[in-house]
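Reader: I would like to learn how to read strands and helices in a model of this kind, going from the general idea to the particular case.

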Amino acid sequence: MKFTIKKCIKNLIKDIISPKMPINIRGNSLVIEGSDYYNSMDLHIGVTTSSGAIVEFDKNGLRRHRSGQWGQCLLLDQAPGPWTEHWDKALLQICKQKCWSAKSYSEHKHNCYSFVLTFLVSLNYGNLSSAARSRTTFCEKFIVPRTTSAGKYISLYRKLKEHDFYIHRNKTG
């Protein structure tokens, strides 16, 4: 019985390996944060520069800051090293647009999602940029799969903890 449970958990975890991660180690990334990711309607999305600073758009307008304010988040995608210069230039060009002020923010129409999709289209980065031309397509192809995996992982983690399983974090390095 113990072997079967262990095997099932091992197979499940293979598909959903700890999706939450400290953001300060990731540059050229799309990141998303939320409370539980599973059925959450309150997600926030941002972009990191090559140096790992987060650029986000919310009711306070466009902001750039170090990653500590985001705690843990999900990595949606990350551009490889050769894209670093282009990524930062494209992000800078989008940030210079006047439409990212606090005054222009609208929770449902002109928000963090709008900012990230505008950036991705201008980046011209393959499937990511193609999907970003449609709010729905991008959500279906990039956000839903990642948040679903995260929700499963978090749910499994909570259940194991609730039933007095010991959760041991491996130090990877």
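Reader: Which residues of β4 lie on one side and which on the other, and are they buried or exposed?

Author: In a regular strand the side chains alternate between the two faces of the sheet. In this predicted model, local features need pLDDT of at least 70 and side-chain atom pairs pLDDT 80 or more, whereas totals for chains, interfaces and linings use all residues. Residues are numbered from 1 along each chain as its sequence is written, and side-chain values use heavy atoms, without hydrogens and water. In β4 (strands, E, of at least two residues, and helices, H or I, of at least four, are DSSP runs numbered from the N terminus), I54, E56 and D58 lie on one side and V55 and F57 on the other, and all are buried (under 20% relative accessible area, with exposed over 50% and partly exposed in between, for a 1.4 Å probe and protein chains only). Since five of its five residues are buried, β4 is largely enclosed by the rest of the structure.

Reader: Which strands does β4 pair with?

Author: Pairing requires at least two DSSP bridges between two strands. β4 runs antiparallel to β3, joined by two bridges, and pairs with β5 (residues 61-65) in the antiparallel sense over five bridges. V55 stands opposite V47, while in β5 its bridge partner is R64.

Reader: How should I read the buried side of α2?

Author: An α-helix has 3.6 residues a turn, so residues three or four places apart point the same way. In α2, W87, A90, L91 and I94 are buried; they lie on the same side because they cover an arc of only 100 degrees around the axis, taken from the directions from the helix axis to the C-beta atoms. The face turned away carries the exposed E85 and K89.
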